[in-house]
Number of protein chains: 2
Amino acid sequence: MRRSELFVSTRKQAPADEESKNAQLLIRAGYIHKEMAGVYSYLPLGMKVAENIKQIVREEMNAIGGEEMILSTLQHPHIWQATDRWDDAKVDVWFKAALGKDSQVGFGWSHEEPMARLMTQFISSYKDLPVYTYQFQTKLRRELRAKSGLLRGREFIMKDLYSFSRDRAEHDKFYEQISESYMRIYQRLGIGDITYKTFASGGPFSKFSHEFQTLSPVGEDTIYFHEGEGVAINKEVLSDEVLADLGIARDGLVEKTAVEVGNIFTFGSRYSEPLGLFYTDEKGIQQPVFMGSYGIGISRLMGLLAEHFADDNGLIWPRNVAPYQVYLARLSSQPEVTKAADQLYDQLENDGISVLYDDSDLRPGEKFADADLLGLPLRVVASEKSLTAGGFELKLRTNTETSMLPKDKLIDSIKQFTSEP
Amino acid sequence: MRRSELFVSTRKQAPADEESKNAQLLIRAGYIHKEMAGVYSYLPLGMKVAENIKQIVREEMNAIGGEEMILSTLQHPHIWQATDRWDDAKVDVWFKAALGKDSQVGFGWSHEEPMARLMTQFISSYKDLPVYTYQFQTKLRRELRAKSGLLRGREFIMKDLYSFSRDRAEHDKFYEQISESYMRIYQRLGIGDITYKTFASGGPFSKFSHEFQTLSPVGEDTIYFHEGEGVAINKEVLSDEVLADLGIARDGLVEKTAVEVGNIFTFGSRYSEPLGLFYTDEKGIQQPVFMGSYGIGISRLMGLLAEHFADDNGLIWPRNVAPYQVYLARLSSQPEVTKAADQLYDQLENDGISVLYDDSDLRPGEKFADADLLGLPLRVVASEKSLTAGGFELKLRTNTETSMLPKDKLIDSIKQFTSEP
């Protein structure tokens, strides 16, 4: 993409009412636009980052048998009344609007109910199980305070997967499988080493649920972890009884602030029974389907990555989610420089390497500042100086060192960098 | 995809309350699920069709300089008050919900206002123009009657593009360009020959807007067209004055029922002035940005294709949007048949041809019925009979004729079919 074809420009200042670092950076770099507190639009580069995160999650969900689909945003009160989750006294994040004179619709803040009801169409026998369905959904929640940028929004992108199993044994097997798949996702996003699977509060069908918590000073959660045992516990469930259960001594625990980047729940028949989701087992006996649900906040992860991988100069995207791999800055509009930069751009694009080509007339200092702010992994400079030295200048966003390379070597280096696992 | 891995099954009957043919067929075939009147969820095959339509639209929008992004669903009253489109008396399709004690949010039913306001951040000089931005958005509209399936929904997928130009001349050029691009889209979807660009009601900045209308007995619109002149006019603007303007005689007009599959508007400064979207021209004078907007209903097109390309046995997808190209039915679980079908499936998938492999234990008659109902372009049968005859049986969905082909010839035929433009 040539920068001259991109309508977005960078900004020196974020809006005065934007308190969070992640949104400040993303707005300044032109990735997102603030519509109101907790509500952001995704500009072309921001949409690419979100899509890259979704694609990683999609690959991992497909690898464990997930089937992608998309449920509606508009929700009929009826099915939520069946599970007692329509009343504002029970669920305080509903947006609700008038439909007809005496009727209302809700706006999906989660989708256990419609997914369970949908499955009554397709599940009737043990032969139909298990089923794993997931979607990428824009969830809407009436959060009264939303001041953490993409970390807690009123409108946010979520991957939610729902599992439908015969019984607890079948469920538990999948629960373990998706836990591993979540950890693979965090590894691919570059936050594997600071993300912990934690014990969180359970429900009638399981003593605990689990969350995935990434250490971060801006997190809303407090976790305790025990490095020796490799166990982490959310603050709200920490008690002597729980510690005894898990065989952990309080002494070894370290307190940390963290951001919840995933959660997985065992529901059992909590939703299947009231919504009539039963199957006939091998003996001909009717059984409730055993359910679980598994969330990952896509926009929250984007916010976390923006917040975590940043320095004073701007964003630093992990390679797997960067909107482009290379920021190519042409520092002069001299014919030879333009020609060399154009040719390099074409060649990289032909080789399947994504490039944001700054062909604008901004001053070199502005281009360098933008390259840092935008946070693409590699910066290549084409200038009279570089051509005189026989090539182009290459720099990693994470490094201050530059190297001058002839074209062939430059392309080889870029290819090697972008193909590393 | 193996059918055994797909949770969806087909149904003999659509829900009793579903009146429209397109939704009846799509529900029976397991492409969509009805949540309430005018609100449907997209199951795996339905999502694939919608994505295929989006991809065609995306390619054509990118080809004329469109930049993809995504605006928010939640809407702040403020910007809609600025253009006088917040009041229910002015716009009667708003869904609105309480946010805080004294505040409301709206749910995006269109996006002229937020797109124009966003652009005030990025457009200030003539050098910043033109800009063409688009999105695929789930629009929400409080339609009191919604009984046409995907043709008119309360929740529907729309591509909306917005153009920002210096003046009418620059605008008019793009308006023509996108008109041509819309016609290419309808051609690629297989409805080019029954889709007309029609004159529709304009506004303060243009005598007419234009719609794209596809002839269909279930359409809500009436158009008149003059084959000799190649001109089509919406009923609501037909008058002697308009006919005189266009140089058309009333005699040659034929009345037809049609579905609106696209619309394009010239807005001029209707939204840019109240929202403060101005630019400084070459002479240093401030001018309002000249706007237009261009919609295509993705889910409506899906409904129209389902409705139009169908016979008594089910759906008939145009090749460019079919969720899979081949329905491979294995009619026996005999080891040789299974082996031959498995190998054919692997080979086709390796060759990049998408296959829905019916490896289930359904009876042959059920498999044939499902193949017709699902509407994939090609049906291949692997059976003891076909293997004895030296291969597989191939049939087009649009044809009753079958041919028995050895494996190599079969694969060649399929490749030839799927690579035709």
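**Exercise 1.** In which sense do β5(A) and strand β6 of chain A pair, and over how many bridges?

*Solution.* Begin with the two strands themselves, remembering that the model is a predicted one. Strand β6 covers residues 104–107 of chain A, and its pairing with β5(A) is antiparallel, running over three bridges. As a single example of residues facing each other, take Lys96(A), which stands opposite Gly106(A) in β6(A). Next, place this pair in its sheet: three strands of chain A form an open sheet in the order β4-β6-β5, with antiparallel pairing. The last step is to find the edges, and these are β4 (74–75) and β5 (96–98) of chain A, each of which pairs on one side only.

**Exercise 2.** Describe how helices α8 and α11 of chain A cross, and sort the residues of their contact.

*Solution.* First locate the helices, since α8 spans residues 335–350 and α11 spans residues 407–419 of chain A. Their axes come within 12 Å and cross at roughly 35 degrees, and the crossing of α8(A) and α11(A) is right-handed. Then list the residues that make the contact: α8(A) contributes Gln343(A), Leu344(A), Gln347(A) and Leu348(A), while α11(A) contributes Lys407(A), Leu410(A), Ile411(A) and Ile414(A). Sorted by character, the residues of this contact comprise five nonpolar, two polar and one charged.

**Exercise 3.** What is the mean pLDDT of chain A, and what ipTM and pTM does the predictor give the complex?

*Solution.* For chain A the mean pLDDT is 95, and 100% of its residues reach 70 or more. For the complex, the predictor gives an ipTM of 0.96 and a pTM of 0.97.

Methods
Residues numbered from 1 in each chain as written. Chains lettered and ligands numbered in written order. Predicted model: local features only at pLDDT ≥ 70, side-chain atom pairs only at ≥ 80, totals over all residues. Heavy atoms only, no water. Pairing = 2+ DSSP bridges. Helix = DSSP H or I, 4+ residues; strand = E, 2+ residues; numbered from the N terminus. pLDDT = per-residue confidence, 0-100. Axes fitted to C-alpha atoms, helices over the stretch in contact; angles between N-to-C directions. Left-handed = near helix turned anticlockwise from the far one by under 90°. Contact = heavy atoms within 4.5 Å. Nonpolar A, V, L, I, M, F, W, Y, C, P; charged D, E, K, R; others polar.
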